[in-house]
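Me: Please take a close look at one part of this model, the second largest cavity and what lines it. Then walk me through the parts you can describe elsewhere.

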Amino acid sequence: MGGETIIPPTFTSEEEYSVDQDFSHPSLSSLNPTLLRDYLRMKAEDGKNESDRLFLEEFDKMGPQSSSPDFEAYHKRRQKVYKEVLQSYDQLRVRSMSLNEAKYKVLSYFPGIWIENVGGKKFSDYDVPKTTSLLLIGPKGCGKSSLVNKISRVFEDDNFAPERAQISYNPSVGDGTYYLQGYMIPRGSASFCLYDSRGLADGTSENINVIQNWMNNGVRHGEPVIRKSDDSSLRRRMKFKPRELGWKFCRPQMVNFVIFVVDAVSVLKSIEGHGVEDLLCLQMINEVFKHPCLSFKDDKPVVVITHGDLLSIADCVRARVYLGELLGIPPAKQIFDIPENHDPVTELTIVDMLRYSLEHADRNLPYKNWVRKVPLFSWLCVLAMLLGFASGMACMRYLHMRHPRKSEFKIVWHTIRHIW
């Protein structure tokens, strides 16, 4: 970070360059929160930069009040987080020169390769799946299907290949994806699979019921995602499509890690209080994300913010920091900004996100349950032997009762007569 030689970033507007300079201003890090607020207020009053005013409002809204003894410590910490997130964009530009090396590490992945052998455990002690399953969840229209296509494109040599996941042109019409769809990455491999899901409903309880079923019982390619709130005609149409019944014969795949997708534009609107709908959506995201069924031990899902190409870098930083504080995860390391761009920086962000997800999936693999690992055929053989033994005993008992054995005590009468 500090002291490293950073390649100057390429900005798309004067606004982004101005805000970036404000964050990297040498005197800014030494200001206490009161002076920092005065500094931002002075810039906001100039009226030249709308982002300064928005940042000041966000700065004022969050954290302890100025009368609190924790005020200065809180804002120093928050200022540090802002700088870390902003610097992460510069670091990505530097590291994008090694994109092929980073891609190779993901392409050479197989389930269990990043298991940490601690506590005397070995690879053979873990219940390692044949394919690592990553589940994408998020509100409707947040860009889950688009993310699948971007991830697939990163690892394919054919730039003219059609998109694999169906994208909803107008998210306000319907829910887009109605069925769980699995996509092997890379195409044709068996190392890991992305499962695209239906957008979250407005009600938190209904979302939790569906997600708990996936986490406990596994996911199946082509399975319809049916909710109680769906109207009867939609439920009938999804249940009884003859072409869609093949999912019943698919073996369920246990979910190994979760990727939570969030629309950055929606987050920014909720921060600025533009609409009740966005605030309710963010509240639902918070409640679903923090539910224990989504976590693996202490590891919470990774978060991807989309549609960042519609925002400035400053606004993307604000969205990531806000989500980090709301969800309780580090924004610079666990929240990834993946916009609708096709450049080395975006590709490297995708690779970093996948590596984070796959590493944490391997770290949380369960230990083998040896009772469950015995083949089903063996259990059937043992059961047949027990049933045969029980049947044999029952037959012997029946014959014994039907034909009682004659007494071995025998009286020899002619001997008795000679004695007398």
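Reply: The lining of the second largest cavity divides into 5 nonpolar, 2 polar and 2 charged residues. This is a predicted model, so keep that in mind throughout. Here are the names. Arg-198, Gly-199, Leu-200, Asn-207, Val-210, Ile-211, Trp-214, Val-225 and Arg-227 line this cavity. Leu-200, Val-210, Ile-211, Trp-214 and Val-225 count as nonpolar, and Arg-198 and Arg-227 count as charged. Gly-199 and Asn-207 count as polar. The volume of the second largest cavity is about 60 Å³. The model has 3 cavities of 30 Å³ or more.

Now the sheet. It is open and has 6 strands. Their order is β2-β3-β1-β4-β5-β6, and the pairing is mixed. The edges belong to β2 (181-185) and β6 (335-337). Each edge strand has a single partner, so one side of each lacks a neighbour in the sheet. From one strand to the next, the twist averages 25°.

Look at one edge of that sheet. Strand β5 (residues 302-306) pairs with β6 in the parallel sense, over 3 bridges. One residue pair to find there is Val-304 with its bridge partner in β6, Phe-336.

Next, two helix pairs. Take helix α9 (residues 264-272) and helix α11 (residues 313-327) to begin with. Their axes come within 9 Å and cross at roughly 75°. Angles of 65 to 115 degrees count as roughly perpendicular, and α9 and α11 are therefore roughly perpendicular to each other. From α9, the contact uses Ala-264, Val-267, Leu-268, Ile-271 and Glu-272. From α11, it uses Asp-315, Arg-318, Ala-319, Tyr-322 and Leu-323. By class, this contact has 7 nonpolar, no polar and 3 charged residues.

The other pair is helix α4 (residues 71-95) with helix α13 (residues 344-363). Here too the axes come within 9 Å, and they cross at roughly 100°. So α4 and α13 are also roughly perpendicular to each other. Leu-92, Arg-93 and Arg-95 are the α4 residues in this contact. They meet Val-345, Leu-348, Thr-349 and Asp-352 of α13. The contact of α4 with α13 has 3 nonpolar, 1 polar and 3 charged residues.

Terms used:
Residues are numbered from 1 along each chain as its sequence is written. This is a predicted model: local features need pLDDT of at least 70, side-chain atom pairs count only at pLDDT 80 or more; totals for chains, interfaces and linings use all residues. Side-chain values use heavy atoms; hydrogens and water are left out. Axes are lines fitted to C-alpha atoms, for helices over the stretch in contact, and angles run from 0 to 180 degrees between N-to-C directions. Helices (H or I, at least four residues) and strands (E, at least two) are DSSP runs, numbered from the N terminus. Angles under 35 degrees count as roughly parallel, over 145 as roughly antiparallel, 65 to 115 as roughly perpendicular and the rest as oblique. Contact means heavy atoms within 4.5 Å. Two strands pair if DSSP finds at least two bridges between them. On a 1 Å grid over the protein atoms alone, a cavity is a set of points where a 1.4 Å probe fits but cannot get out, and a pocket is an open set with protein on both sides within 12 Å along at least five of seven lines; lining residues have an atom within 4 Å of a point. Grid points are joined across faces, edges and corners, and a volume is the space filled by probe spheres set on the points.
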